[in-house]
Amino acid sequence: MQDLISFAQTRADLTVPHLVLNPIDPLIDAGHVAQAVDAAIADLDAVNIALFSADQLYDYRAQRPIVTYSDGKIADFVAPELYLNLVTDMSGQSFLYLGGQEPDFNWEKVAKSIISIVERFQVRQVYSLAAMPGTAPHTRPADMLLRSTAPDSSTKFIKGQVQHYGALPDLFEFYAEKNDIPVMNIRVRVPFYIAKGAQPFISGALAAIKMIANLGGPRLPLGDLEQLEDQQVEGLNQILA
């Protein structure tokens with residue numbers, strides 16, 4: 001079997017302090033928050049430094065490749081992908097971004113490959129993103145749940161037990177804790193009445209981007225998100241009035 005991940009040529013001494021995990025599965029991306037954050041990161045300068053083997057990760061019947069037909073021939077065949085980019089944030093600092101489509105297969109191998117990425121680039125902090133429906137109205141600031149494998153001793157946490165559908169970053173976090181890798185999960189609570197809407201929950205995406213920066217992570221562009229947030233809140237107020 002071919003290697004699961006292939007790296008491009010990089011400096012042997014390259015170290016990157018932060019890694020952002022954001023593989024997307026539209027079925028569990030409430031309010032399209034992960035997709036909105038991905039679109040913001042796409043505005044930054046980036047270089048691809050690693051690709052995962054698509055043939056080992058995806059069920060092409062579930063995540064169909066896109067075929068381009070041109071002038072009597074198949075001109076292109078684009079499969080879903082999971083990739084690692086070296087990105088420059090708004091302050092000129094580099095961070096690693098694991099993006100693309102969440103895999104269908106080999107989650108454990110991918111999670112352990114991410115651990116090797118952390119070790120290879122001497123990553124000091126990993127951030128992962130998630131969104132879930134919740135009883136949180138859009139008229140209040142976006143609500144988030146923060147989870148850490150290395151919480152501050154003075155930080156209070158919610159006692160109790162809850163179950164939810166898992167994602168690839170959750171499995172990575174499970175292994176990361178056993179390997180003393182600091183991971184911070186930012187889980188946005190999306191108003192249930194727009195969790196499956198056609199438009200992203202802009203307030204949630206903005207809150208996640210700002211929270212990453214507040215936690216000492218990369219500074220991501222806000223772009224037109226703040227203006228779009230005002231428009232979305234006004235539109236929802238009119239609909240729900």
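1. In which sense do β6 and β7 pair, and over how many bridges? Strand β6 covers residues 82–88. β6 and β7 are antiparallel, and seven bridges hold the pairing. One matched pair is N85 and Y97: N85 stands opposite Y97 in β7. Keep in mind throughout that this is a predicted model.

2. Now look at the turn of that hairpin. Five residues lie between strands β6 and β7. G92 of this hairpin has a positive phi, near 85°.

3. Next, the other neighbour of β7. Strand β2 spans residues 18–21. β2 and β7 run parallel and are joined by three bridges. V20 has Y97 as its bridge partner in β7. L21 stands opposite L98 in β7. Y97 therefore deserves a second look, since it is opposite N85 and is also the bridge partner of V20.4. How covered is β7? This strand covers residues 94–100. Six of its seven residues are buried, so β7 is largely enclosed by the rest of the structure.

5. Step back to the whole sheet. The sheet is open and has eight strands. Their order is β1-β3-β6-β7-β2-β8-β10-β9. The pairing is mixed. The edge strands are β1 (5–7) and β9 (143–148), and each of them pairs on one side only. From one strand to the next, the twist averages 25°.

6. Two helices can be placed against this sheet. Helix α3 lies across β1, β2, β3 (46–52), β6, β7 and β8. α3 runs at about 25° to β1. Helix α5 packs on the sheet too, where it touches β8, β9 and β10. The direction of α5 makes about 160° with that of β10.

7. Is helix α4 mostly covered or mostly open? α4 is mostly covered, with eight of its 11 residues buried. The buried residues are L168, P169, D170, L171, F172, E173, Y175 and A176. Note that D170 and E173 are on this list. The buried residues of α4 pack against β2, α3, β8, β9 and β10.

8. Check the backbone just after α4. There D180 takes a positive phi of about 55°, although D180 is not a glycine. D180 lies in the loop between α4 (168–178) and β10 (183–191). Its relative accessible area is 71%, so D180 is exposed.

9. A second residue deserves the same check. Q122 has a positive phi of about 55° and is not a glycine. Q122 is found in the loop between α3 (107–120) and β8 (125–134). Its relative accessibility is 54%, so Q122 counts as exposed.

10. Now the helix pairs. Two packed helices are described by the angle between their axes and the distance between the axes. Take α1 (residues 33–41) and α5 (residues 202–214) to begin with. They pack at an angle of about 60°, and their axes are 9 Å apart. That angle makes α1 oblique to α5. The crossing of α1 and α5 is right-handed.

11. Which residues in α1 and α5 meet? From α1 come V33, A36, V37 and A40. From α5 come G204, A205, A208 and I209. The residues of this contact divide into seven nonpolar, one polar and no charged. The spacing along a helix is worth recalling here. An α-helix has 3.6 residues a turn, so residues three or four places apart point the same way.

12. The other pair is α5 with α6 (residues 225–240). Here the angle is about 145°, and the axes are 8 Å apart. The crossing of α5 and α6 is left-handed. On the α5 side, the contact is made by I202, S203, L206, I209 and K210. On the α6 side, L225, E226, L228, E229, Q232 and V233 take part. The residues of this contact divide into six nonpolar, two polar and three charged.

13. One residue links the last points. I209 of α5 is listed in the contact with α1, and I209 is also listed in the contact with α6. Find I209 in the model, then trace α5 to β8, β9 and β10, which it touches.

Terms used
Residues numbered from 1 in each chain as written. Predicted model: local features only at pLDDT ≥ 70, side-chain atom pairs only at ≥ 80, totals over all residues. Heavy atoms only, no water. Axes fitted to C-alpha atoms, helices over the stretch in contact; angles between N-to-C directions. Helix = DSSP H or I, 4+ residues; strand = E, 2+ residues; numbered from the N terminus. Parallel < 35°, antiparallel > 145°, perpendicular 65-115°, else oblique. Left-handed = near helix turned anticlockwise from the far one by under 90°. Contact = heavy atoms within 4.5 Å. Nonpolar A, V, L, I, M, F, W, Y, C, P; charged D, E, K, R; others polar. Buried < 20%, exposed > 50% of the residue type's maximum accessible area, 1.4 Å probe, protein only. Pairing = 2+ DSSP bridges.
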